[in-house]
Amino acid sequence: MGTFCSVIRFENLQELKRLCHWGPIIALGVIAICSTMAMIDSVLWYWPLHTTGGSVNFIMLINWTVMILYHYFSAMFAGPGFVPRGWKPENPQDSMYLQYCKVCQAYKAPRSHHCRKCNRAKGDTSLCCMLHARVLLRCIMKMDHHCPWINNCCGHQNHASFTLFLLLAPLGCIHAAFIFVMTMYTQLYNRLSFGWNTVKIDMSAARRDPLPIVPFGLAAFAATLFALGLALGTTIAVGMLFFIQIKIILRNKTSIESWIEEKAKDRIQYYQLDEVFVFPYDMGSKWTNFKQVFTWSGVPEGDGLEWRVREGCDQYSLTVSSLFKRPSSFLAREQLKQKADKRVRSVRYKVIEDYNGACCPLNRGIKTFFTSPCTEEPRIQLQKGELILATRGLRYWLYGDKILDDSFIEGMEMEGTPALLTRASSRTQLKSACAFPVYISTSTASRVAKEQNQPKVHSQTGTSRIRGWFPRNCVEKCPCDGESDPAPEGEKKNR
């Protein structure tokens, strides 16, 4: 009884809200349609009470459904795991190697990130949302990505359940698709009549021996054909996601870390630096990496705060670092350098036309309408005269931060952009500035951390920054940035 009461708590009941989203509704709808039609058609094709084979087929079908739903709800409600509120490294001096999350107002543990999509309760003052926000306003342990199909993040604690769901769903759909095909074949076999130039199907004719338990008419045929299409589509789509997930698991990475690694190699190539990026969490053995996520107990290795690393690396090698060719000499802080490089390549724009924040604006042109970014990232409203700092973009769209006041730029520098980088203009200066890490004293780090505990808040919106997509034809490049900074063209990935 105590275990039951510990599971059914007010906070856990709030998690049921995750079902009220288009992702779980579609996913559970597909599971329900395929499972129900497969059970009905299995009765028509292979009656389970007559033969052993029919019984085994029906039991396997039920087993697929139960296991798929179990791992689906485990991934959804167990959650990815959250960094404890107010977490700090045991050694206070290590805080200079960590990034500071202004939303959580705490340090980010290694491999942790804050999910903007899950942070929807912020700003809602209702009692339910305030209690729910106590869970949401924390960084995700070993965050892989935010999955709309489970309406939750995939991270340290639910990565195994999510991957098993991606494996079992295609296997169950393959079994169901086989049942659909055999049912249609056996039911239509005696109803087909071939002529010289025609083929007729009499759906009103019933099989003579044996009589069907469930009538197979035109509606049943259409429903079976529809379920077959869903099963084949799910097999292809979810199967591809499974191969992507198992690939990064065997390398002990996450999708975000793969993106960080790709950006690190791009930065090294762009500035022609004498560096070699080494991923610190790859143990060198695929089996060892596999056991980091999948265990017999179902609980992944580690506490989500400290991780096993390969020889020559430390806990902060990826959090804010990459490795030089001489890893024992010193660690160059990779993510800080990537943020610095991001600000160097960013371009300041001035809004010349108002934009209402529509997802697909008709008044911005046909090309802008049809090339709207396929992402859940927000669009931001623009008013003429505002300033935008664009960090990435597509051909007809840009993504960036709205410059609220001068403190916004100061906040950007405080997050890891040294002053030299904000003023550098030539390629030689950029290369020299990004080639070496930024080291600061413990007193300076403490002062910065203290200041970051009180982030600048915009008086009207209540947020420290406003970021999102906006049409490129609503803005123009500021004259001061027109000569020195290249326009952000193309983005390799949207996450």
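Started at the β10/β11 pair: L387 has I403 in β11 as its bridge partner. Note to self: this is a predicted model, so everything below is read off a prediction.

**Entry 1, the strands**

I followed β10 and β11 along their pairing and counted six bridges, in the antiparallel sense. I then looked at how the chain gets from β10 to β11, and found a hairpin that makes the connection through three residues.

On the β9 side I found an antiparallel arrangement again, with four bridges joining β9 to β10. One contact I wrote down there is R348, whose bridge partner in β10 is L389.

How many residues of β10 are buried? I got six of the seven in the 387-393 stretch, so I'm calling the strand mostly covered, taking buried as under 20% relative accessible area.

**Entry 2, salt bridges**

I went through the charged pairs next and ended up with nine salt bridges in the structure.

I looked at D401 and R467 first. Their closest N and O atoms are 3.1 Å apart. D401 sits in β11 (residues 397-403) and R467 in β12 (residues 466-471), so this salt bridge ties together parts that are 66 residues apart in sequence. Is D401 buried or exposed? It is buried, because its relative accessible area is 2% and the cut-off is under 20%. R467 comes out at 23%, so I logged R467 as partly exposed.

Then I checked R364 with E353, where the side chains meet at 2.7 Å, N to O. Both residues are in the loop between β9 (347-351) and α11 (366-370), eleven residues apart. R364 has 11% relative accessible area, so I have R364 down as buried. E353 is at 36% relative accessibility, which means it counts as partly exposed.

K253 and E261 also meet in a salt bridge, at 2.3 Å from N to O. I looked up the cover on both ends: K253 is buried, and E261 is buried too.

I also noted a network of salt bridges that links R116, E377 and R392.

**Entry 3, helix α8**

E261 took me to α8, since E261 is listed among the buried residues of that helix. I see 17 residues in α8, running 255-271. The distance from its first C-alpha to its last is 25 Å, which I find close to the 24 Å expected at 1.5 Å a residue.

Which residues of α8 are buried? I have S255, I256, E257, S258, W259, I260, E261, A264, R267, I268 and Y271. Just after the helix I checked Q272 and found a positive phi, near 55°.

**Entry 4, a nonpolar patch**

Last, I looked at the surface for nonpolar side chains. W22, I26 and W149 form a patch there, and together they have about 300 Å² of accessible area. I placed W22 in helix α3, which covers residues 22-45. Why does W22 count as partly exposed? Because its relative accessibility is 41%, and partly exposed runs from 20% to 50%.

**Back to the strands**

One more look at β11 before closing the notebook: I403, the partner of L387, is in that strand, and so is D401, the residue paired with R467 in β12. I ended on β10, which I have pairing with β11 over six bridges and with β9 over four.

Definitions and conventions. Residues numbered from 1 in each chain as written. Predicted model: local features only at pLDDT ≥ 70, side-chain atom pairs only at ≥ 80, totals over all residues. Heavy atoms only, no water. Buried < 20%, exposed > 50% of the residue type's maximum accessible area, 1.4 Å probe, protein only. Helix = DSSP H or I, 4+ residues; strand = E, 2+ residues; numbered from the N terminus. Patch = residues over 30% accessible without salt bridge, like charges linked within 9 Å, V, L, I, M, F, W, Y side chains within 5 Å. Areas by Shrake-Rupley, 256 points an atom, 1.4 Å probe, with all protein chains shown as cover. Pairing = 2+ DSSP bridges. Expected span 1.5 Å × (residues − 1).
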